[in-house]
Amino acid sequence: MSTNDTNIVPRDKLAKFELTEESLNSFRKNNNIPLDLYNKDGQILIHKKRNPTEADFGKLLKFEMQGVYFLISELKKTKQHPNGAQFLEPGRTTKLFDQEKTARFAKQSQALIEDLRKSSFSSEQAVFVQNSVNELLTDFTSNPDYELGIFNILEILGVAGVSVESELMTKRTVVAMGMKVRTKKIVNEGKEESNKKDHLSLMMASYLADVGYSRLDIKNNPKLTKEEYAVVQQHPIISYLMTLPAPEIDSHVRTLILNHHRPYRGNGVNNNFPDPRSLFTKLMSVRDKYSKEVGKERITQDIELQLHLQENNVTSASFEEDIAILSLASEYASLTSNQPWRPAFKSSTALKMILNDSFFSYSNKNIRHLLDYVGSSLTNNENIVNFGDFVITASVDSERRAHFDICIVLDVGRYQTRPKLQRICSINPVFQKGIKFKIADFDLHSIKIDRRKAIMDLALQAGTSRVIYIIDPELNPALHEAVYKINMAS
């Protein structure tokens, strides 16, 4: 094929097609290649056609390593068509959650919250919750498309008519379950049954993590004073204490509840919540109180265990991942729910906001669990990182200094947290310490242009570089406009 072909399609009009065994089998089953496919240079490889031959498939496979592409305009047209997902991997458009069962789960959660406002958590309630989350997990993993399908939880809860507390509890449990199951499936293929206990522990913790709010009098206001925020910080320990009367709740579940706002360990510059020293002091006080009461030996033993874990920092890597999953699921649930002070954000916006606020809170691995394993399932198969987007990466050098670069996305493969990028310039973040540490913005006066326009493929690198910010025109219009102009001029 000549490189002088006048029909070459510009690269910015193409998107990468995931050429997998499943997609080829879908073509074979339907006896149809439903769209024109191109190579990376925009040259046509094969036109859409009915009754393709094995020679046609062989031709495509020759370009598997270099990449196969299709017109973005075709994707948009196909999405509007009733059979719009015909070239997606089989199962990717399956809605994974049954509307009636999920709505019933949410309404039962609402009833539990109301009960807990008036009484302690009982053994009967613990067994009921265990059975409920077990049923949810069984339904999810028995669906043949559970690894690919859509998390239609927002769609269901949007019409379920339940309270915000119940919506948050249900969403958090479902998203945490999906992240845990899919992550474990990839890491521990073939051991699904032995993983079930771990899945259920995380789901129980997700379900019960915020029940402590039922005992707090909190204003419906996003701008809390330091005193009000200190009250909010007590809810993990209150949730933990509320579960103590029920021996059916495993100690591991309670450990997750107690630490669910602490995705990073230690006392460094991060968003530990609550502060581990404060948590330890409060546990000591509660232990001393219960140790003087008759019949509280089991409760005292559990508190002693939690104190030992806090003091010696002996938690496992798997536990740390569970804490991050629970915390991420909580953030997603909150952002996509209507609050008294703001409407719900759409799913894709919520994921961008979580990524953009992740630098002090989550590791690269934590964010991958969210975006790469359930991200597109939460946004109806749409990535939040796409060709032509501007992103900011962070990397750490040998002297532990962080460097921040603005890049343009050249390509996105199977994992959207590991795109192929071209560096535009470096930039310095503006750090802010309020209630917690965060990147408030980026300093446009600190920009240094990269004349080399270095290219890096994060999918092929094992270094420290990771995407920590999407420069979205709605979330940060000033930065997006400035970077757009810089890119056009360079």
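How close do the axes of helix 10 and helix 12 come, and at what angle do they cross? To find out, select residues 235-243 for helix 10 and residues 276-291 for helix 12 in this predicted model. The two axes come within 11 Å and cross at roughly 30 degrees. Two packed helices are described in general by the angle between their axes and the distance between the axes. Angles under 35 degrees count as roughly parallel, and helix 10 and helix 12 are therefore roughly parallel to each other. Their crossing is right-handed.

**The contact of helix 10 with helix 12**

Display the side chains of Ile-237, Tyr-240 and Leu-241 in helix 10; they meet Leu-279, Lys-282, Leu-283 and Val-286 in helix 12. Of the residues in this contact, 6 are nonpolar, 1 is charged and none is polar.

**From helix 12 to helix 13**

Keep helix 12 selected and add helix 13, residues 297-312. How do the axes of helix 12 and helix 13 cross? They come within 10 Å and cross at roughly 155 degrees, which makes helix 12 roughly antiparallel to helix 13. Helix 12 passes helix 13 in a left-handed crossing. On the helix 12 side, the contact includes Leu-279, Phe-280, Leu-283, Met-284 and Val-286. On the helix 13 side, look for Ile-299, Ile-303, Glu-304 and Leu-307, among others. By class, the contact of helix 12 with helix 13 holds 10 nonpolar, 4 polar and 3 charged residues.

**A strand covered on both faces**

Next, select strand 6, residues 68-71. In a regular strand the side chains alternate between the two faces of the sheet. Are the residues on the two faces of strand 6 buried or exposed? Val-68 and Phe-70 on one side are buried, and so are Tyr-69 and Leu-71 on the other. Add strand 1, residues 14-17, which runs antiparallel to strand 6 and is joined to strand 6 by 4 bridges. Within this pair, Phe-17 stands opposite Val-68.

**The loop before strand 6**

Move to Glu-64, located in the loop between helix 2 (54-61) and strand 6. Because its relative accessibility is 44%, Glu-64 counts as partly exposed. Now select Asn-39 as well: Glu-64 and Asn-39 are 25 residues apart in sequence, and their C-alpha atoms are 9.5 Å apart in space.

**Two buried residues in helices**

Select Asn-356 in helix 15, residues 347-356. Why does Asn-356 count as buried? Its relative accessibility is 10%, and buried means under 20%. Setting aside neighbours within four places in sequence, Asn-356 is in contact with Ile-468, Tyr-469, Ile-470 and Leu-475.

Continue to Gly-375 in helix 16, residues 364-375. At 0% relative accessibility, Gly-375 also counts as buried. Not counting residues up to four places away in sequence, Gly-375 touches Leu-351, Leu-370 and Gln-416. Add Met-179 to the selection: the C-alpha atoms of Gly-375 and Met-179 are 9.4 Å apart in space, although the two are 196 residues apart in sequence.

**The whole chain**

Finally, clear the selection and view the complete chain, which has 17 helices and 12 strands. Buried residues make up 49% of its 490 residues. Among contacts with a separation of 6 or more, 70% are between residues 24 or more positions apart.

Definitions and conventions: Residues are numbered from 1 along each chain as its sequence is written. This is a predicted model: local features need pLDDT of at least 70, side-chain atom pairs count only at pLDDT 80 or more; totals for chains, interfaces and linings use all residues. Side-chain values use heavy atoms; hydrogens and water are left out. Axes are lines fitted to C-alpha atoms, for helices over the stretch in contact, and angles run from 0 to 180 degrees between N-to-C directions. Angles under 35 degrees count as roughly parallel, over 145 as roughly antiparallel, 65 to 115 as roughly perpendicular and the rest as oblique. A crossing is left-handed if the near helix is turned anticlockwise from the far one by less than a right angle, and right-handed if clockwise. Contact means heavy atoms within 4.5 Å. Ala, Val, Leu, Ile, Met, Phe, Trp, Tyr, Cys and Pro count as nonpolar, Asp, Glu, Lys and Arg as charged, and the others, Gly among them, as polar. Buried means under 20% relative accessible area, exposed over 50%, partly exposed in between (1.4 Å probe, protein chains only). Two strands pair if DSSP finds at least two bridges between them.
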